[in-house]
Amino acid sequence: MGDTPETAVNSSSALEKLRQLLQQHEAQPDLPLPTERELAERFVVGRREIRRALDVLEEEGRIWRKQGKGTFVGPAAPVQPLVLQDLPQQSNLLEVMEARVQLEPGLARMAALRATHEQIALLKRLLERMQSITLGDGDQHELWDSAFHRAIAEAAGNRLMLGLFDAIDAVRREPSWQHLRELARTQDRLNNYDDHHQRLVQHIAARQPREAAAAMREHLLALQQALIEAISSGDEEQP
């Protein structure tokens with residue numbers, strides 16, 4: 001059913017008064033409007049009617065809202081670019097994995113087309129080093145795994161994409177996420193990852209770009225699923 005006539009009048013009245021208020025605030029767009037409670041008291045209407053009037057103004061592009069900051073005059077503020085050193089605070093491991101899934105299969109494909117004999121030999125040596133690490137040595141796992149994936153990125157021969165890889169990898173190694181990375185690391189998973197890594201090297205060495213990209217994607221999706229399970233497990237441990 002629709003609004004009662006009284007509610008419609010109150011909402012319309014609130015909208016009219018808010019339009020007048022916006023004219024007064026246009027010279028100070030950086031200052032938030034009064035809160036919904038304050039507006040309701042000022043205009044002697046319910047907070048529901050204030051919210052409805054604000055919804056209309058937001059749809060019109062006259063105001064924008066930011067959670068925890070308030071309501072402001074004008075169109076929505078543009079999304080600010082993320083600063084590299086702030087990324088760990090503004091992102092999370094699942095976003096890191098989403099970015100890796102988008103970037104690294106392409107790097108693997110390009111590496112299969114462009115890797116030199118020396119770069120392929122390096123990948124094989126890095127693979128051997130990873131295979132010699134014991135389960136409990138998480139620091140070694142992360143060190144050599146990062147070096148292996150970076151070697152693939154470098155073999156792709158695109159400096160811009162290598163820079164993107166380095167930026168994402170720096171966020172991935174954020175110390176505050178160490179516990180989650182350790183929860184996601186089991187012997188069965190490491191054995192599975194070793195198989196992925198071996199196939200990656202084989203496809204790159206054999207100049208098979210499509211297969212290399214598919215192997216990288218399979219590997220990253222497995223990592224992503226392990227992190228999702230680790231996060232769920234961590235949530236269950238919370239008191």
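A residue is taken as buried when its relative accessible area is under 20%, and histidine 219, at 1% relative accessibility, therefore counts as buried in this predicted model. Histidine 219 is placed in helix α11, which covers residues 209-237. Leaving aside residues up to four places away in sequence, histidine 219 is in contact with His149, Tyr193, His196 and His197.

A second buried position is provided by leucine 200, for which the relative accessibility is 0%, and which belongs to helix α10, residues 187-205. Beyond residues up to four places away in sequence, the contacts of leucine 200 are made with Ala108, Phe148, Ile152, Ala212, Ala215 and Met216. For one of these partners, alanine 212, the C-alpha atom is separated from that of leucine 200 by 5.5 Å, although the two residues are 12 residues apart along the chain.

Helix α5, residues 93-114, is the part of the chain where confidence is highest, with a mean pLDDT of 95. At 1.5 Å a residue, the 22 residues of α5 should span 32 Å, and the distance of 30 Å between its end C-alpha atoms agrees with that expectation. A bend of about 30° is nevertheless found in α5 at valine 101, and proline 105 follows within four residues. At the N-terminal end, α5 is capped by asparagine 92, a side-chain oxygen of which lies 3.0 Å from the backbone nitrogen of leucine 94.

With respect to aromatic rings, the count comes to one pair. This pair is formed by tryptophan 64 and phenylalanine 72, whose ring centres are 4.8 Å apart and whose planes meet at 20°, so the arrangement is classed as stacked, given that planes under 30 degrees apart satisfy that criterion. Both partners are assigned as buried, since the relative accessibility is 17% for tryptophan 64 and 9% for phenylalanine 72.

Confidence in the model varies along the chain, with a mean pLDDT of 84 and with 87% of the residues reaching 70 or more. The helix with the lowest confidence is α4, residues 87-90, at a mean of 63. Over residues 1-9 the pLDDT stays under 50, and the model has five contacts beyond four places in sequence for this segment. Over residues 235-239 the pLDDT is likewise below 50, and this stretch has one contact in the model beyond near neighbours in sequence. Where pLDDT is low, the predicted coordinates should not be read in detail.

Terms used:
Residues are numbered from 1 along each chain as its sequence is written. This is a predicted model: local features need pLDDT of at least 70, side-chain atom pairs count only at pLDDT 80 or more; totals for chains, interfaces and linings use all residues. Side-chain values use heavy atoms; hydrogens and water are left out. pLDDT is the predictor's confidence in each residue, from 0 to 100. Helices (H or I, at least four residues) and strands (E, at least two) are DSSP runs, numbered from the N terminus. Contact means heavy atoms within 4.5 Å. The expected span of a helix is 1.5 Å times one less than its number of residues. The bend at a residue is the angle between axes fitted to the seven residues ending there and the seven starting there. A polar contact is a pair of N or O atoms within 3.5 Å; within protein, one must be able to donate a hydrogen and the other to accept it, and residues adjacent in sequence count only if both atoms are side-chain atoms. Rings of Phe, Tyr and Trp (its six-membered ring) pair if their centres lie within 6.5 Å; planes under 30 degrees apart count as stacked, over 60 as edge-to-face and the rest as tilted. Buried means under 20% relative accessible area, exposed over 50%, partly exposed in between (1.4 Å probe, protein chains only).
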